[in-house]
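Thanks, everyone. Please bring the model up on your own screens, and I will talk through it region by region.

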There are 2 protein chains.
Amino acid sequence: MQLLERRIREDGEVLPGGILKVDGFLNHQMDPELLMEMAREFHRLFAGDKVNKILTIEASGIGPACFAGLAFGCPVLFAKKNRTRNLSGEFWTAEVHSFTHGVTNTIMVSKKYLGSGDRVLIIDDFLANGAALNGLITLCLEAGAEVAGAGICIEKAFQPGGELIRSRGVRVESLARIESMSDDGGIAFCR
Amino acid sequence: MQLLERRIREDGEVLPGGILKVDGFLNHQMDPELLMEMAREFHRLFAGDKVNKILTIEASGIGPACFAGLAFGCPVLFAKKNRTRNLSGEFWTAEVHSFTHGVTNTIMVSKKYLGSGDRVLIIDDFLANGAALNGLITLCLEAGAEVAGAGICIEKAFQPGGELIRSRGVRVESLARIESMSDDGGIAFCR
């Protein structure tokens, strides 16, 4: 998606260790117009796929997922990373190792809101190692829900997540796919 | 706001200890149409207030804030609760005690995205003890930003947060104000 690639080039920041900071428009400060355009693109890509629910994971997936919910006209469910007192009842759970934070979290969604009648589009801001997305797919399968696919804002195609998820037979559509980043700040997109 | 009050009556669940669960449409699963209507109401209430930035706190404030960003046509910034490796640089910080989780968090926003040129509308899903909102106001004042006000989805008017924040001279607009909840599930709204 040209609009997103241009924004990444203009406002993204490459840090040593393969880190791309896009906190000016995607995952700390968010640009609603850009996110709405991205949501329309997800809708175009998955039109006719009978998606009836958007699923994401807190915190930085929530923004892109909300706009997707508006574009698809369906509810948005976000998985929580820790059990809170206010979330009583029964949950679907999966273990997710975060490479960013170096910890393993239990992610959970209420069984009330995900079940066998659902056809789910998973939305997330980044796909790198694929741990979060893999966990979300596991939640869906546990719940008996169908996974229509995954809509990703930015895929780091030089990391193994995309291959891992596609090899599970899940359709992944990424709006920007990064082939490589150089230490001088250069970004090459997949063509 | 009648639409929200009706939804709370229909789909909200009162638990012992003054807990109101609205995780079917507001803070676990979200209804985009309802949240967009709420955002339009915030925009109506703060029209002419020269708001140029929406500020909220992860995770459950992000949804309502994103729709507000769309209604106001301005960026949405969310405070993070823990320092992550990907957030390098300098931050405005404040301490917030969470009564729900029984812990004190440092909340933080990048100095790059909040400063003296900003006129901020703070959005959050709940106002109860006011700790989170108080911390967000402190962040804004530290940053030299002006606080146009706070837009709250649901205020528990029987808890001290609303009084605390209004006594700081900050305008608070809550779309639903709960006067009392009874153990048999009854909810009375302020009139």
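Ala59(B) sits in the loop that runs between β4 (53-57) and α3 of chain B, where helices (H or I, at least four residues) and strands (E, at least two) are DSSP runs numbered from the N terminus. The peptide bond that joins Glu58(B) and Ala59(B) is cis, with omega about -5°. In chain A, the bond from Glu58(A) to Ala59(A) is likewise cis, with omega near -5°, and Ala59(A) has its place in the loop between β4 and α3 of chain A.

Before going on, a word on provenance: this is a predicted model, in which local features need pLDDT of at least 70 and side-chain atom pairs count only at pLDDT 80 or more, while totals for chains, interfaces and linings use all residues. Residues are numbered from 1 along each chain as its sequence is written, and chains are lettered from A and ligands numbered from 1 in the order in which they are written.

How is chain B superposed on chain A? A rotation of 180° with 0.0 Å of shift along its axis does it, with an RMSD of 0.0 Å, and that is the relation of a two-fold axis; the superposition is by least squares on the C-alpha atoms of residues with pLDDT of at least 70 in both copies. Ala59(B), the residue with the cis bond before it, is the one of chain B that comes closest to this rotation axis, at 2.7 Å for its C-alpha.

The contact between the chains takes 32 residues from chain B and 32 residues from chain A, two residues being in contact if their C-beta atoms, placed from the backbone, lie within 7 Å. On the side of chain B that touches chain A, β2 (19-21), β3 (29-30), α2 (32-45), α3 (62-72) and β5 (76-79) of chain B each supply at least two residues, and the largest share, six residues, comes from α3(B). That side divides into 16 nonpolar, eleven polar and five charged residues, with Ala, Val, Leu, Ile, Met, Phe, Trp, Tyr, Cys and Pro counted as nonpolar, Asp, Glu, Lys and Arg as charged, and the others, Gly among them, as polar. Because 100% of the interface residues of chain B are also interface residues in chain A, the copies meet through the same surface.

Let me turn to the helices at this interface. The axes of α3(A) and α3(B) come within 9 Å and cross at roughly 60°, the axes being lines fitted to C-alpha atoms, for helices over the stretch in contact, with angles running from 0 to 180 degrees between N-to-C directions. That crossing makes α3(A) oblique to α3(B), given that angles under 35 degrees count as roughly parallel, over 145 as roughly antiparallel, 65 to 115 as roughly perpendicular and the rest as oblique. The contact is made by Ile62(A), Gly63(A), Cys66(A) and Phe67(A) on one helix and by Ile62(B), Gly63(B), Cys66(B) and Phe67(B) on the other, and by class it has six nonpolar, two polar and no charged residues.

Within chain A, the axes of α2 (residues 32-45) and α3 (residues 62-72) come within 8 Å and cross at roughly 55°, which makes α2(A) oblique to α3(A). Among the residues making this contact are Leu35(A), Met36(A) and Phe42(A) of α2(A), and Pro64(A), Phe67(A) and Phe72(A) of α3(A); by class, the contact divides into eleven nonpolar, two polar and one charged.

Now the sheet, which also involves both chains. Seven strands form an open sheet in the order β11(A)-β10(A)-β9(A)-β8(A)-β4(A)-β5(A)-β3(B), with mixed pairing, where two strands pair if DSSP finds at least two bridges between them. β11 (187-189) of chain A and β3 of chain B stand at the edges, each with a single partner strand, so one side of each is left without a neighbour in the sheet. Inside the sheet, β9 (residues 146-156) and β10 (residues 172-181) of chain A pair in the parallel sense over six bridges, with Lys156(A) bridged to Ile178(A) in β10(A). Helix α4 (residues 131-143) of chain A packs on this sheet, touching β4, β5, β8 and β9 of chain A, and its direction makes about 165° with that of β8(A).

A further pairing crosses the interface: β3 (residues 29-30) of chain A and β5(B) run antiparallel over two bridges, and Gln29(A) has Leu77(B) as its bridge partner there.
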